[in-house]
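I sat down with this one to look at how its sheets and helices go together. These are my notes, in the order I looked things up.

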Amino acid sequence: MAVEANQEWLKSNGEPHQVLVHRLPSFNFQLKDILQPHFHLLDPAGSPEPAGSFLSSHAQSVRALICVANTPLTAETLNLLPSLELVLASSAGVDHIDTQECRRRGIILTNASAAFAEDAADYAVTLLIDVWRRISAADRFLHAGLWPVKGGYYPPGSKLHCIAFIFFIDMSAFEAIFLTSTSVDNKCTPILSLIVGFSTLRISLSTDSASFELGGKRVGIVGLGSIGVEVSKRLEAFGCSIAYSSRKEKPHVPYPYHANVLDLAAHSDALVLCCSLSEQTRHMINKDVMTALGKKGVVVNVGRGGLIDEKELVRFLLRGDIGGAGLDVFEDEPDVPRQLFELDNVVLSPHRAIFTPEAIEALNQLTFTNLKAFFSSKPLQSVYQIE
């Protein structure tokens, strides 16, 4: 990562500012090599001294803290840091941080939503398509050797009525391929063509194809922050009808706003959860919301597992009272309800929505940029609004 020659974020005496690394001993701190040349890093987890003693002895003047992954940051720990002004969370969710104590102290909190938004949105839409089209279930069907046994029949996915659209992706070379889908008269129809022209790969979907059709569905986005906005952009390209629920109505947003999730569910075919977990949002997807969503409704969660009443969701799925679920997060990770494993209308993922090299690099850049800005008294990015 390139660093400017004019390091104006240094102390007036030319010494680097102290930055506290708050992590569990089991968590690696991948930013160390990037930050250490420019900041004096204090890492209690790497010291033989007890954490409380370390903070009392070495961190009284620390103004900035990096909270690694989901390491709990409690009021007790914050009280050991009287000079703290900034907490930089390396996660999108901040439910492991005592946000109310930060608010009481006037401590600024940033999160990683801006760095993770695009990859999390890609994953959310992928889960939604997979649930509706039963892609993972079809994959298991073939791997189990059932196609020759049961013939070409496989329970169909949901028809989604897509509008035509084109992506342009820069690539140096790619073979043109055609994907086919079997129609009702068992004739194979090309539905997706990848056409190479010079250094550009063009992907086009036809309006008369049954596969990959997503538009016409009503998708409710819960939490229209950085990730939710990216989800909406992607689903709009598929011709979906977007509505949202958030802590506040967003000015200049063209989508219908619903003040509560129950009302949003009643007007949606699917809910995509992108919001943070708090006491106000815990189990917000409850029995009433699932009932309002209906027997064909789908829930996708890339936020936090606690947003959903998981036991109630399992009951709804087993009874067939909800259409399906795409889950990247769970209430008691890494434990997942075993009843979900055999359901073809459920797609499960081990909290991997944002784990791409590009997202990690974006997080590194965001953290470094915010530290420079903070010590230079400049505006910060991805500030979390504590309420």
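My entries below go through two sheets and one helix pair.

**Entry 1: before starting.** I reminded myself that this is a predicted model.

**Entry 2: the five-stranded sheet.** I traced the strand order and got β2-β1-β3-β4-β5, in an open sheet with parallel pairing. I then looked for the edges and found β2 (40–42) and β5 (108–110), each of which pairs on one side only. For the twist I noted that neighbouring strands here are turned by 25 degrees against each other on average, direction ignored.

**Entry 3: inside that sheet.** I picked β3 (residues 64–67) and β4 (residues 86–89) for a closer look. They pair in the parallel sense over four bridges. Which residue of β4 stands opposite Ala64? I found Leu86 there.

**Entry 4: what packs on that sheet.** I followed α12 next and saw that this helix packs on the sheet, where it touches β1 (18–22), β3, β4 and β5. I also wrote down its direction relative to β3, which is about 165 degrees.

**Entry 5: α12 and its helix partner.** I wanted two things for this pair, since two packed helices are described by the angle between their axes and the distance between the axes. For α5 (residues 113–133) and α12 (residues 357–375), I have an angle of about 165 degrees and axes 8 Å apart. Angles over 145 degrees count as roughly antiparallel, so that is what α5 is to α12. I noted the crossing of the two helices as right-handed.

**Entry 6: who touches whom.** On the α5 side of the contact I listed Ala115, Phe116 and Asp119. Facing them from α12 are Ala359, Ala362, Leu363 and Leu366. How do the residues of this contact divide into nonpolar, polar and charged? I get six nonpolar, no polar and one charged. The charged one is Asp119.

**Entry 7: the six-stranded sheet.** I moved on to the other open sheet and read its order as β11-β10-β12-β13-β14-β15, again with parallel pairing. Why is one side of β11 (241–245) and of β15 (346–348) left without a neighbour in the sheet? Both stand at the edges and each has a single partner strand, so there is nothing in the sheet on the other side. Here I noted an average turn of 15 degrees between neighbouring strands, direction ignored.

**Entry 8: out at the β15 edge.** I checked how β15 is held to β14 (residues 324–327) and found three bridges, with the two strands running parallel. One pair I marked is Ala325, whose bridge partner in β15 is Val346.

Methods: Residues are numbered from 1 along each chain as its sequence is written. This is a predicted model: local features need pLDDT of at least 70, side-chain atom pairs count only at pLDDT 80 or more; totals for chains, interfaces and linings use all residues. Side-chain values use heavy atoms; hydrogens and water are left out. Two strands pair if DSSP finds at least two bridges between them. Axes are lines fitted to C-alpha atoms, for helices over the stretch in contact, and angles run from 0 to 180 degrees between N-to-C directions. Angles under 35 degrees count as roughly parallel, over 145 as roughly antiparallel, 65 to 115 as roughly perpendicular and the rest as oblique. A crossing is left-handed if the near helix is turned anticlockwise from the far one by less than a right angle, and right-handed if clockwise. Contact means heavy atoms within 4.5 Å.
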